[in-house]
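Let's take a walk through this one together, starting from a single side chain and working outwards. Have the model open and follow along.

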Amino acid sequence: MGALVLVAYAAGADRRAMHGMATVQVLVVKDPIAKGTPASDIADKVSTELLPEKAAVPGRVHSLADLRSRVATVDLEPGEQLLSSRFAA
């Protein structure tokens, strides 16, 4: 019974932590993206996550359409926010 209560408590921890906080949607790299990869080829390598507004990095990409015909200028690693400064024409 104690283990069940602990699991239920832990499962709601994220929800409780975010309660009352301003949040924003952020594009996050989920699979490695190699330098030189066209932005048009990365849709399956990124995901949208909800983060506290304070954790959102300035210059983040709001939509993949914002990158248009750009390519990655550096290797992008899983977990990092997608930044427009890491792409160039």
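Where is Arg60 found? Look in the loop between strand 2 (46-52) and strand 3 (71-72). Before going further, keep in mind that this is a predicted model.

Arg60 is a bit of a curiosity: the residue is buried, and yet it has no salt bridge. The nearest side chain of opposite charge belongs to Glu53, and that one is 6.4 Å away. Since a salt bridge here needs a nitrogen and an oxygen within 4 Å, Glu53 doesn't come into play as a partner for Arg60. So what does Arg60 touch, not counting residues up to four places away in sequence? The list is Val24, Gln25 and Val26, plus Gln81, Leu82 and Leu83.

Gln25 takes us on to strand 1 (residues 23-29). Of the 7 residues in this strand, 5 are buried, so strand 1 is largely enclosed by the rest of the structure. Strand 1 pairs with strand 2 in the antiparallel sense, over 7 bridges. If you want one of the rungs to look at, go to Gln25, whose bridge partner in strand 2 is Leu50.

Now step back for the overall layout. The chain has 2 helices and 4 strands, and reading from the N terminus the order is α-α-β-β-β-β. Of the 89 residues, 25% count as buried. The accessible surface comes to about 6,000 Å², with 58% of it belonging to carbon and sulfur atoms. As for how the chain folds back on itself, take the contacts with a separation of 6 or more: residues 24 or more positions apart account for 58% of them.

On to the interior. In soluble globular proteins, nonpolar side chains tend to be buried together. Here the largest nonpolar core has 12 residues: Leu27, Val29, Ile33, Ala39, Ile42, Val46, Val61, Leu67, Ala72, Leu76, Leu82 and Phe87. Leu82, also one of the residues that Arg60 touches, is a member of this core. Ile42 is a good place to look around from: leaving aside its neighbours within four places in sequence, Ile42 is in contact with Ile33, Thr37, Leu64, Leu67, Leu82 and Phe87. Apart from this core lies another one, of 5 residues, among them Val24, Val28, Leu51 and Ala56.

Go back to the loop between strand 2 and strand 3, where Arg68 is found too. Is Arg68 buried or exposed? Arg68 is exposed, with a relative accessible area of 70%. Check its backbone as well. Most residues other than glycine have a negative phi. Arg68 has a positive value, near 40 degrees.

One more arginine rounds off the tour. Arg86 sits in the loop between strand 3 and strand 4 (87-88). At 28% relative accessibility, Arg86 counts as partly exposed. Side chains of opposite charge can pair when their charged atoms come close. Which residue meets Arg86 in a salt bridge? The partner is Glu80, at 3.5 Å from N to O, and the structure holds just this 1 salt bridge. Not counting residues up to four places away in sequence, Arg86 also touches a run from further back, including Val71, Ala72, Thr73 and Val74. Thr73 is 13 residues from Arg86 along the chain, with their C-alpha atoms separated by 5.5 Å.

Key. Residues are numbered from 1 along each chain as its sequence is written. This is a predicted model: local features need pLDDT of at least 70, side-chain atom pairs count only at pLDDT 80 or more; totals for chains, interfaces and linings use all residues. Side-chain values use heavy atoms; hydrogens and water are left out. Buried means under 20% relative accessible area, exposed over 50%, partly exposed in between (1.4 Å probe, protein chains only). Lys and Arg count as positive and Asp and Glu as negative; His and the chain ends are not counted. Contact means heavy atoms within 4.5 Å. Two strands pair if DSSP finds at least two bridges between them. A nonpolar core is a set of buried Ala, Val, Leu, Ile, Met, Phe, Trp, Tyr and Cys residues joined through side-chain atoms within 4.5 Å. Accessible areas come from the Shrake-Rupley method with a 1.4 Å probe; for residues, only the protein chains shown count as cover.
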